[in-house]
Amino acid sequence: MDLYFLGTGAGMPTTRRNVSSLVLRLQEERGTFWMFDCGEGTQHQVLRSPLKLGKCEFIFITHLHGDHLFGLPGLLSSRAYQGGVDPLTVFGPAGLSEFMETAFRVSDTHLPYTLHLQEIEPGEIWSDDSFRVTALPLDHRVPSYGYRVQELARPGKLRIEVLERMGIAPGPVYGKLKRGEDVTLPDGRRIAAAAVLGEQIPGKTVAILGDTRPCENAVRLAEGADVLVHEATFMENKRSNAHEYGHSTAADAAAIALKAGAGKLVLNHFSSRYKEEETLVHLLAEARAIFPSSVLADDLLAVPLAMEPEQ
Ligand SMILES: [Zn+2]
Ligand SMILES: [Zn+2]
């Protein structure tokens with residue numbers, strides 16, 4: 001599991017950065033990836049990346065501002081040409097369905113796969129036996145959501161030595177116990193899976209937030225997360241502009257990460273006024289002064305969930 005950033009600029013694309021989109025790659029866990037936001041030109045960024053659109057399982061839209069949304073009709077249209085035949089669900093705030101249905105109707109676009117558009121309410125929006133996704137509203141100029149993706153704890157390793165001591169030979173019984181199922185042996189003995197499994201393996205948690213001023217729900221979404229992806233549109237000297245327009249500074253993002261006890265902060269969504277790389281070094285320094293485990297997102301950059309030793 002890791003993050004891969006497709007676009008990390010705010011508002012409008014520049015030649016250096018495209019507008020918002022990132023993916024959570026779940027190659028080992030599911031053989032798929034999940035996309036968060038889809039600003040204009042995202043499909044071009046996908047073409048420049050190792051990602052294959054056919055592997056996109058879900059798309060989560062944080063809010064309906066164009067720099068997070070306008071790439072969606074084109075990307076969904078192209079997906080079918082890139083091996084995307086499986087059904088796809090797009091989650092997002094109210095208005096998502098109206099936008100997409102209008103775009104497809106007036107352009108006479110017909111997708112050869114099933115597209116579900118799901119307008120979300122605060123709380124759990126999706127889960128299966130290995131992942132749970134919750135969404136909470138943030139504080140922006142339009143309704144904006146943050147998503148918390150939680151990988152559920154997996155059963156621990158099967159303690160073979162315990163089974164051998166009990167005289168249980170390898171076979172289908174091992175598989176059942178490994179999956180956490182209790183079994184009854186042919187001789188009538190009942191074996192509780194918990195008795196022969198090691199400690200549960202904890203899952204990873206990733207919080208990916210839409211545009212926002214600093215707010216309490218940002219802390220709740222990032223509580224104990226391995227990684228928090230938070231916007232850092234401005235530096236400290238533009239703090240009042242940031243808050244006026246519904247955004248955060250890098251220091252705001254760092255304060256949220258600190259309060260939430262997150263493991264790592266990835267700063268994202270930089271104002272197009274910051275053209276020089278040196279400027280972003282200062283923006284990063286402002287975050288690191290508060291939360292040292294901070295890194296900068298960049299277009300076409302893979303970011304591991306844990307901090308790398310050299311950083
Ligand atoms: Zn934005
Ligand atoms: Zn916005």
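1. The second largest pocket of this predicted model is lined by 15 residues, and those that lie nearest its centre are Ala 10, Gly 11, Asp 67, His 247 and His 269. Its volume is about 200 Å³, and its lining divides into four nonpolar, eight polar and three charged residues. Two of the residues named here, Asp 67 and His 269, return in the next point, where the annotations are taken up.

2. The UniProt record, an unreviewed entry, lists Asp 67, His 68, Asp 211 and His 269 under "binding site". These positions are spread over 203 residues of sequence and yet cluster in space, the largest C-alpha distance among them being 10.6 Å. From this set, His 68, Asp 211 and His 269 belong to the lining of the largest cavity. For "active site", the unreviewed UniProt entry lists Asp 67, a residue that also appears in the "binding site" list of that record. As the entry is unreviewed, and annotations of this kind may be inferred rather than shown by experiment, I would ask that both labels be quoted with their source.

3. Which helix holds Asp 67? Asp 67 has its place in helix 3, and His 68 is likewise found in helix 3, which covers residues 66–69. Asp 67 has a relative accessible area of 10% and is therefore buried, since the cut-off for a buried residue is under 20%. His 68, at 2% relative accessibility, also counts as buried. Helix 4, residues 72–79, is mostly covered, with six of its eight residues buried. The buried residues of helix 4 are Leu 72, Pro 73, Leu 75, Leu 76, Ser 78 and Arg 79, so that a charged residue, Arg 79, stands in this list beside nonpolar ones such as Leu 72.

4. Turning to enclosed space, a search of the whole structure finds one cavity of 30 Å³ or more. Rolling a probe the size of a water molecule over the atoms shows where empty space is left. The cavity has a volume of about 100 Å³ and is lined by 15 residues, of which Ser 20, Asp 37, His 68, Leu 209 and Asn 268 lie nearest its centre. Its lining is made up of five nonpolar, seven polar and three charged residues. Which strands each supply at least two residues of this lining? They are strand 2 (21–26), strand 12 (205–209) and strand 13 (227–231), and the largest share, three residues, comes from strand 13.

5. The largest pocket holds about 230 Å³ of space. Its lining consists of Met 1, Asp 2, Arg 25, Leu 26, Gln 27, Glu 28, Thr 32, Phe 33, Pro 50, Leu 51, Lys 52 and Lys 55, which divide into five nonpolar, two polar and five charged residues. Strand 2, helix 1 (27–30) and strand 3 (32–36) each supply at least two residues of the lining of this pocket. Strand 2 thus takes part in the lining of the largest pocket and also in that of the largest cavity.

6. Why is strand 5 described as largely enclosed by the rest of the structure? Five of the five residues of strand 5, residues 88–92, are buried, and so the strand is largely enclosed. In a regular strand the side chains alternate between the two faces of the sheet. In strand 5, Leu 88, Val 90 and Gly 92 point one way, while Thr 89 and Phe 91 point the other way, and all are buried.

7. Strand 5 has pairing partners in strand 4 and strand 6. Strand 4, residues 56–60, runs parallel to strand 5 and is joined to it by three bridges, with Ile 59 standing opposite Val 90. Strand 6, residues 115–119, pairs with strand 5 in the parallel sense over five bridges, and here Phe 91 stands opposite Gln 118. Strand 5, helix 5 (residues 96–106) and strand 6 together make a right-handed β-α-β unit.

8. An antiparallel arrangement is found in strand 7 (residues 123–127) and strand 8 (residues 131–137), which are joined by four bridges. The connection between these two strands is a hairpin through three residues. Within this pair, Trp 126 has Val 133 of strand 8 as its bridge partner.

Definitions and conventions. Residues numbered from 1 in each chain as written. Chains lettered and ligands numbered in written order. Predicted model: local features only at pLDDT ≥ 70, side-chain atom pairs only at ≥ 80, totals over all residues. Heavy atoms only, no water. 1 Å grid on protein atoms, 1.4 Å probe; cavity = no way out; pocket = protein on both sides within 12 Å on 5 of 7 lines; lining within 4 Å. Points joined across faces, edges and corners; volume = space filled by probe spheres on them. Buried < 20%, exposed > 50% of the residue type's maximum accessible area, 1.4 Å probe, protein only. Pairing = 2+ DSSP bridges. Right-handed = clockwise from strand over helix to strand, strands pointing away.
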